[in-house]
Each structure stands twice: as C-alpha cells, then as structure tokens.
Protein chains: 4
Amino acid sequence: MKRKLTNYKRVKNLTNTYSDRVKFKEVDSLGIVWHGHYISYFEEGREAFGREHDISYLEIKRNDFSTPVVNVVCNYKKSLRYGETYTIKTFILDNLSAKIIMEYEIYNENHELVCEGQTTQVFVDRDGTLALYNPDFYQRWRKENNIID
Amino acid sequence: MKRKLTNYKRVKNLTNTYSDRVKFKEVDSLGIVWHGHYISYFEEGREAFGREHDISYLEIKRNDFSTPVVNVVCNYKKSLRYGETYTIKTFILDNLSAKIIMEYEIYNENHELVCEGQTTQVFVDRDGTLALYNPDFYQRWRKENNIID
Amino acid sequence: MKRKLTNYKRVKNLTNTYSDRVKFKEVDSLGIVWHGHYISYFEEGREAFGREHDISYLEIKRNDFSTPVVNVVCNYKKSLRYGETYTIKTFILDNLSAKIIMEYEIYNENHELVCEGQTTQVFVDRDGTLALYNPDFYQRWRKENNIID
Amino acid sequence: MKRKLTNYKRVKNLTNTYSDRVKFKEVDSLGIVWHGHYISYFEEGREAFGREHDISYLEIKRNDFSTPVVNVVCNYKKSLRYGETYTIKTFILDNLSAKIIMEYEIYNENHELVCEGQTTQVFVDRDGTLALYNPDFYQRWRKENNIID
C-alpha cells in the first residue's frame, strides 16, 4: 500500500488543546479504549480547533463547502482506560495543495503520549466537485492566521 | 509525523471476502458513511479472515495472547451510502517481524474501490509483555499456511 | 415517568427474522454487548423487516416522509458475548393511530430470549409537520398486508 | 410487551447536572442525533451522578459488584443537532428493591426538554449471582445520602 509521506511543517502558534473523559461504552473487552474510537477523538480535537480558530465544520458549510476526510493515520503508543481523562493537541500543517492536513497528539493524565495521528481533508463544493485550489474563504482564513504560501 | 512504509508483499491465496450492509446509524449528516466507521469495517474483514483461517481473536486468546492494533491507515476513494452493500477483501502481509500486518480493500456494489487500508498488530502476552518474536502458535500457523520466512 | 402501555396486538404472519454476529467493538469491559447497542440491533431488525415487506426507510423516504423514533423500551434478560450470533424477530403492532409500533425479540444461539423491546415511530412530512393520520402510502401498505382498521 | 410502571419518587436534593456537546459522528442522515445515542447520553449522566455522589461504576467495582442495566426507556420530544450543547439532569428513585432506578432529562440550549428516560440496574456479584437484597455498600450509601427505607 502506498502511503505518501507528508513533510509539511506544523503552523506555529495555531493549535488547540481539548480534554475529555473516556466513556464506558468506548472501552472494549480488553479493558482499553477500542482503537477505532481514536478516530472520533481526532474529530473532537479537529472540531475544537475549528471552534477556536473559526474554521469549524459549520463555518465551512456556511461557505458552501464540505471537507471529507480522504486519509487517516493513527499510531498507538499506550492505552487509555475507563475513567481516564485524555487531552488532544491538534495542529495544522502548512501544506500548499488544496487540502487541510491536521495532526493530533493524545496524552493521558500523566502527560504520556497515548497516540498520534494525521487526517487529510479535501474541499468539495455543493455540486460535489473537488476543489483543485484552496477556496477563497480558506485562502482568506490562511492569511488571517499568517499562514504564508 | 513519521509513517514507516511497509514493502512486504501480500501472501498469495490467503485472503477473505466478506460482505455486509451499511447501517442507518453509520451514515452521517452528509449522507455518507462516517469515515471512522471504516476502521470497524476493517475489523469485520479481519475477524472474517480469522474465522476462515483459524487465526481469530478468540483463537489468539486461547493461546494466551492478545494482538492490539498499533497502527491504522485508511485511504478513502469513494463514499458509501445507506442501504448499500459493501465487500471487504482482507489480505495478510508476509512480514518478518513479530507483527500481524493486514491490508483491506472495500468495494461497493459496482465493484469500485471505496477505500483501502492497513492495520498492524503486535503480540502481547497475559502479563502485558510485548513479544519480540512470533509466538509458537503463530509460527505454527504461518507454516501451516505456507508463509515462508 | 409516564410510560403508556400499548395493548395492541402483533399482526399475524407479518414478521421478519434477521441474524447477525456480535462485533468485537460492541462488547464492553464486562465482556458483554454494551446495553445501548441493542437499540442498533432493533434497527437492524426493523430495516430487515422493511426490506422484506416494502416499508423500509428508503421506501418511506420515496413517499416524502420520515419516521423518527419517539419511544424506545428495552428489557434485558441475558447477555450476548463476542463471537455469538444473535437472531432478531421483528413484529408490527396493529395500532390505530398514525404511528408505527414495532416489537423485537432477540435470541442467542441456544434460542434463549436475550432481550425484548419496542419502538414507536411517527410520520413527519418534508416540512417537518407531524402527520395526525396515517399517510396514504402507509394506509395502502396496511391494506396490502391485510391489516384491518 | 409488559412494561412495569414505576411509581417511586425521585430522591430530593440528590441529582447531577452534566453538559456536553453533540458530536459530528452522532448525527444521522436526517441531520439529528441518532436516537440510539441518547442511551449513551443517559450513561454520561449516570456516571457524572456517580462521580459526584460516590456511586460510580468504578466505586461499585471496588465493592466487587457490577450493575448491569436490565431496562431502558426513552421518550423523545425534540431533536438535537450538530454543534448544540445539551444538559443531562440525572435523578435517582427511592425504590425498595435491590435495584438502582435512575431518571434522566435532557435539555437543549433553550432549556427545552429534548427527551426523558429511565434505566434500571441490578446488582450482580463477582460470581455472576444476582443480589436479592441491596449489598451492604449500597445500603450504607443510601443511609449516607438520607434515603430512608
């Protein structure tokens, strides 16, 4: 399987930190959070980032775009258990193409890295057409946040 | 983020094909299967592979091991909608290290590739110790299935 | 809390039987299917009933209605574990009001009743207006299936 | 289907209020929270109640009991949409039998009742035996919280 490596750097000073508690229903029969739920944790982080920095799902929708996820990577380092609180740090990469690439680090209460991951999203307009260039609203957002091309 | 590339080849003639139907609760507000649910689809494929080839979660547990997932990659190509039937093809890679690496291809009813992914699992014994070498039962299973080191 | 009792009878000869396998991700840290997932099992049964008897979610949608669930009851008798196959029997009640009331019985492989439940759905049109009488298409469906008012 | 009515009263001054935000993955293709997820919201409320009043899942486990849910009822009044914050109010009923009966009210940001529900849990010891009387630890907890038999 081809997995393209992204060497883009994280945009400095543009992050979000979000904490939540492991839910009982998220823990599997091994007593640890089922690995698929981390994709949901990434989404919690991404949406918290979006709310803080005005680039949430609803903000994007108001601009007549949706941003479906086209790639997910998750590396698991440790486990989370029921009752633990975890913290998601979300970063955005300074890529040139018409994509939103975000990285996530999830920490447990002891500040140990539990897992890290990355998602790539593309821009699709109301007609379902893939945008080849960053939409205007996103280009404006990049400028407002000092992400330089 | 470092993403190690795996260049291992798929073991020939050792696959599984499993079909299921998209559930209403799996479809998001965009009318398509929420991207995180594909991790669950991969697990369906992996377990169907395990049942067909005697290497299921329960079989592994009987040998006093568990095989937590330490890496997931998913590339999305198309969307699935409510009511559609999808088919998961699961493959196992011929890697040398003490890991189970599996690949997945999910197809829609028109035989179009919807997404492809990969999972990596390690062996952990009852005491929680990571196995550095393939456990005996897995080594036997490899031989029985003509996976040559 | 008020819980209205329904004394309507099940319509004879109008049932569906559907089987599926417990998924790993559905099992909680007690080793049994998490109780909330049975609501999803009911939906599997309801949709299988709908596909068999031409009253599925998509069929209803084609008639410009949706049927949101306004009440759920679930009584748990036994547990289901990972790897078990369960069978859902779905029944429809012969109620007079503009509601679809369905009952569910879930059995394990030993034909023991694992849980039973009931859902009530109302008809809402495209404008979001609640239907006070059965929509025409549903009234026709009732006649075709010999449900007598 | 028999649905026993509980006429027990809510214990006064023993409640919990918990708020959370609707997640993207919880919203279905109708744009509203899928009805089954409210069972999970009830669990959030129940566990927040448990943390506040020292009767959480982990506290019960330390006393060598588990408390499986044997009945769930949910009445839906309104819908929740993506991005909304909801508030769960959790109450405990003053029942005599060896059961924990809790009631839940979920409100939207406009303080409108979105749904109400009830869960019943029994006590099961380590050997899987159903307790016919309240376990000692729970009887103590009742006294500490002025729940009079």
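Begin by selecting Val73(B) in this predicted model: of the residues of chain B, Val73(B) is the one that comes closest to a rotation axis, with its C-alpha at 2.2 Å. To see what that axis does, display chain A and chain B together; a turn of 180 degrees, with a shift of 0.0 Å along the axis, lays chain B on chain A with an RMSD of 0.0 Å. The two copies are therefore related as by a two-fold rotation axis.

Before going further, it helps to know how confident the predictor is. The mean pLDDT of chain A is 93, and 95% of the residues of chain A reach 70 or more, while the model as a whole scores ipTM 0.93 and pTM 0.94. As a general caution while you look around, predicted coordinates should not be read in detail where pLDDT is low.

**Where chain A meets chain B**

Now select the residues through which these two chains touch: the contact takes 20 residues from chain B and 20 residues from chain A. On the side of chain B that touches chain A, you can colour α1 (37-53), β3 (69-76) and β6 (113-122), each of which supplies at least two residues. Which of the elements gives the most to this side of chain B? It is β3(B), which contributes eight residues to the side that touches chain A. If you colour this side of chain B by class instead, you will find 10 nonpolar, seven polar and three charged residues. Of the interface residues of chain B, 100% are also interface residues in chain A, so the copies meet through the same surface.

Next, keep strand β3 (residues 69-76) of chain A on screen with β3(B), and follow how they pair in the antiparallel sense over five bridges. Within this pair, select Asn71(A), and you will find that Asn75(B) in β3(B) stands opposite.

**The sheet through chains A and B**

Step back from this pair of strands and show the strands of both chains. An open sheet of 10 strands runs in the order β1(A)-β4(A)-β5(A)-β6(A)-β3(A)-β3(B)-β6(B)-β5(B)-β4(B)-β1(B), with antiparallel pairing. At the edges, select β1 (10-21) of chain A together with β1 (10-21) of chain B, each of which pairs on one side only. As you look along the sheet, the twist averages 15 degrees from one strand to the next.

For a view inside the half that chain B provides, select strand β4 (residues 85-93) and strand β5 (residues 99-107) of chain B, which run antiparallel and are joined by six bridges. What is the bridge partner of Ile88(B) in β5(B)? The partner is Ile106(B).

Then add the helices that accompany these strands. In chain A, α1(A) packs on the sheet and touches β1, β3, β4 (85-93), β5 (99-107) and β6 (113-122) of chain A, and its direction makes about 120 degrees with that of β1(A). In chain B, select α1(B), which lies across β1, β3, β4, β5 and β6 of chain B and runs at about 120 degrees to β1(B).

**Where chain A meets chain D**

Turn now to another contact of chain A, in which 10 residues of chain A are in contact with 10 residues of chain D. On the chain A side, α1 (37-53) and α2 (57-62) each supply at least two residues, and the largest share, four residues, comes from α1(A). By class, this side of chain A has three nonpolar, two polar and five charged residues. Here too 100% of the interface residues of chain A are also interface residues in chain D, so the copies meet through the same surface.

Chain A can be laid on chain D by a turn of 180 degrees and a shift of 0.0 Å along the axis, with an RMSD of 0.0 Å. To find this axis from chain A, select Asp20(A), whose C-alpha is the nearest to the axis in that chain, at 4.9 Å.

**The sheet through chains C and D**

Finally, show the strands of chains C and D, where 10 strands form an open sheet in the order β1(C)-β4(C)-β5(C)-β6(C)-β3(C)-β3(D)-β6(D)-β5(D)-β4(D)-β1(D), with antiparallel pairing. At the edges stand β1 (10-21) of chain C together with β1 (10-21) of chain D; each has a single partner strand, so one side of each is left without a neighbour in the sheet.

As a last stop, select strand β3 (residues 69-76) and strand β6 (residues 113-122) of chain D, which pair in the antiparallel sense over seven bridges, and look for Val73(D), which stands opposite Gln118(D) in β6(D).

Terms used
Residues numbered from 1 in each chain as written. Chains lettered and ligands numbered in written order. Predicted model: local features only at pLDDT ≥ 70, side-chain atom pairs only at ≥ 80, totals over all residues. Least-squares fit on C-alpha atoms with pLDDT ≥ 70 in both. Contact = placed C-beta atoms within 7 Å. Nonpolar A, V, L, I, M, F, W, Y, C, P; charged D, E, K, R; others polar. Pairing = 2+ DSSP bridges. pLDDT = per-residue confidence, 0-100. Axes fitted to C-alpha atoms, helices over the stretch in contact; angles between N-to-C directions.
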